[in-house]
Amino acid sequence: MILKAYAADPLKTLGRRYTESKSINRNDFQRDRDRIIHSSAFRRLEYKTQVFVNHEGDMFRTRLTHSIEVSQISRGIARTLGCHEDLAETIALAHDLGHTPFGHAGQDALNSCMKIHGGFEHNLQSLRVVDYLERRYASFDGLNLTFESREGILKHCSIKNAKTLGSIGDRFINKHQPSLEAQIVNIADEIAYNNHDVDDGFRSGLLNFKALMQNTLFSRCAKVVDQIYSNISDGQKINEVVRRMIHLLIEDVCTQSQKNLDVYQPKNIYDVRILPPLIDFSSDLKKEQYELKQFLRHAMYEHPHVAKMTENAGNTIEKLFAHYIKQPKAIPENFSMDRIDEPARVIADYIAGMTDRFAIQAAEKL
Ligand code: MG
């Protein structure tokens, strides 16, 4: 791994909130990654919805497999650009830790339940998980990750919340960027979900080949596949197209970002933070990627089947929230014990941490 001057450097980390001695065999970012992999929130990603509710089928993406795909794409881009692969991997594996059960439907429902209590943001919740909710150490709460990992995990944040976060929130107030490694994960997240949603959408029957062919990016790659293979099934064709789309998007990000780096020539991570975002698609592919995203929103996320799930998910979350607000004692003692937060926040933390099936079972019991 050849690190460029603009890469994040574990030897120059802005440090952890609680001072710890250095490890003899791992750098600080590798240590952060290992802490995430051993966390209970990470294990629970296996049973959380990406688009399809976990019990709908074993062959669809979950938040765990999504996070692993994001990490694979991030590492490749980071390596190519001379950024720190370990930090990119860490941020990727942690980027969805704060997600509620039932994907975006769950997050929207919990946000509306929490409206008068300060709201609920899943990015902020991911930071809350690593800073506070994981309790694995006797001397402190949270995983005590480095500033660089925490900065990357907090992808978005409202100004109101940013003001309460200290140095980690400053970039939202000053409109600065995070490290290149964090920018890489953001774009890798988009590449991963657009492509795996095409794949899952096709296999679930929500999307068909004809509809997919309306997309510039998809049809462009499909034409290449047609030139090579004349007699393959639609399923094989989807696989061939998806892998080409992923490949094309990754190559495009690497080429365009390298151009941006050559123009702006950041000398270190501090330059990166005050420059415009440097990790990006070319303008052509950005348009095509956006077209695909809009198509998926309409054809998949607004599909009656998924919309039905969204409605059920919202009802489940609302039912649980209403119950716990009336009876906060129903929250397991080991979860709420010695919490200084207001009860609504403890309830939001508890519900956000649930897996899909745990939430369904808990709501059924009421
Ligand atoms: Mg994601």
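**Metal site, helix packing and nonpolar cores in a predicted model**

At 3% relative accessibility, Phe 102 counts as buried. In this predicted model, Phe 102 is placed in the loop between H4 and H5, and its phi is near 65°, a positive value in a residue other than glycine. A positive phi of about 50° is likewise found at Asn 144, which is not a glycine either. Asn 144 belongs to the loop between H6 and H7 and counts as buried at 4% relative accessibility.

The loop between helix H4 (85-94) and helix H5 (103-113) also contains His 95, one of the residues that coordinate the magnesium ion. The donors are His 66 (NE2), His 95 (NE2), Asp 96 (OD) and Asp 189 (OD), at 2.2 to 2.7 Å. Their spacing in sequence is H-x28-H-D-x92-D. Because Asp 189 lies in helix H10 (residues 180-204), the pair of His 95 and Asp 189 ties together parts that are 94 residues apart in sequence. Both ends of this link are shielded: His 95 is buried at 8% relative accessibility, and Asp 189 is buried with a relative accessible area of 7%.

Ser 126, a residue of helix H6 (residues 122-133), has 0% relative accessibility and therefore counts as buried, given the limit of under 20%. When residues up to four places away in sequence are not counted, Ser 126 touches Ala 94, His 95, Asp 96, Leu 97, Gly 98 and Ile 153. Two of the magnesium donors, His 95 and Asp 96, are thus among the contacts of Ser 126.

Helix H4 is largely enclosed by the rest of the structure, because 10 of its 10 residues are buried. Among them are the acidic residues Glu 85, Asp 86 and Glu 89, together with Leu 87, Ile 91 and Leu 93. The buried residues of H4 pack against helix H1 (28-37), helix H2 (40-44), helix H3 (63-81), H6, helix H7 (147-153) and H10.

The largest nonpolar core has 55 residues, and those with the most contacts inside it are Ile 77, Leu 180, Val 198, Phe 218 and Met 245. At least two residues of this core are supplied by each of H3, H4, H10, helix H11 (209-212), helix H12 (216-228), helix H13 (234-264), helix H14 (269-274) and helix H15 (283-301). H10 provides the largest share, 10 residues. Leaving aside neighbours within four places in sequence, Met 245 is in contact with Asn 195, Val 198, Leu 217, Phe 218, Cys 221 and Leu 292. A second, separate core of 23 residues includes Ile 317, Phe 321, Ala 362 and Ala 363.

The count of aromatic pairs comes to 5. One of these is formed by Phe 209 and Phe 218, whose rings are arranged edge-to-face, 5.4 Å centre to centre with 70° between the planes. Both Phe 209 and Phe 218 are buried, and Phe 218 is also one of the residues with the most contacts inside the largest core. Elsewhere, ring pairs link Tyr 18, Tyr 137 and Phe 140 into a cluster. Arginine side chains are placed over two tyrosine rings: Arg 357 lies over the face of Tyr 47 at 4.0 Å from the ring centre, and Arg 273 lies over the face of Tyr 270 at 5.6 Å from the ring centre.

How values were computed. Residues are numbered from 1 along each chain as its sequence is written. This is a predicted model: local features need pLDDT of at least 70, side-chain atom pairs count only at pLDDT 80 or more; totals for chains, interfaces and linings use all residues. Side-chain values use heavy atoms; hydrogens and water are left out. Rings of Phe, Tyr and Trp (its six-membered ring) pair if their centres lie within 6.5 Å; planes under 30 degrees apart count as stacked, over 60 as edge-to-face and the rest as tilted. Buried means under 20% relative accessible area, exposed over 50%, partly exposed in between (1.4 Å probe, protein chains only). A charge sits over a ring if NZ of Lys or CZ of Arg is within 6 Å of the ring centre and within 35 degrees of the ring normal. Donors are N, O and S atoms within 2.8 Å of the metal (3.2 Å for Na, K and Ca); water is not among the atoms, so sites may look incomplete. Helices (H or I, at least four residues) and strands (E, at least two) are DSSP runs, numbered from the N terminus. Contact means heavy atoms within 4.5 Å. A nonpolar core is a set of buried Ala, Val, Leu, Ile, Met, Phe, Trp, Tyr and Cys residues joined through side-chain atoms within 4.5 Å.
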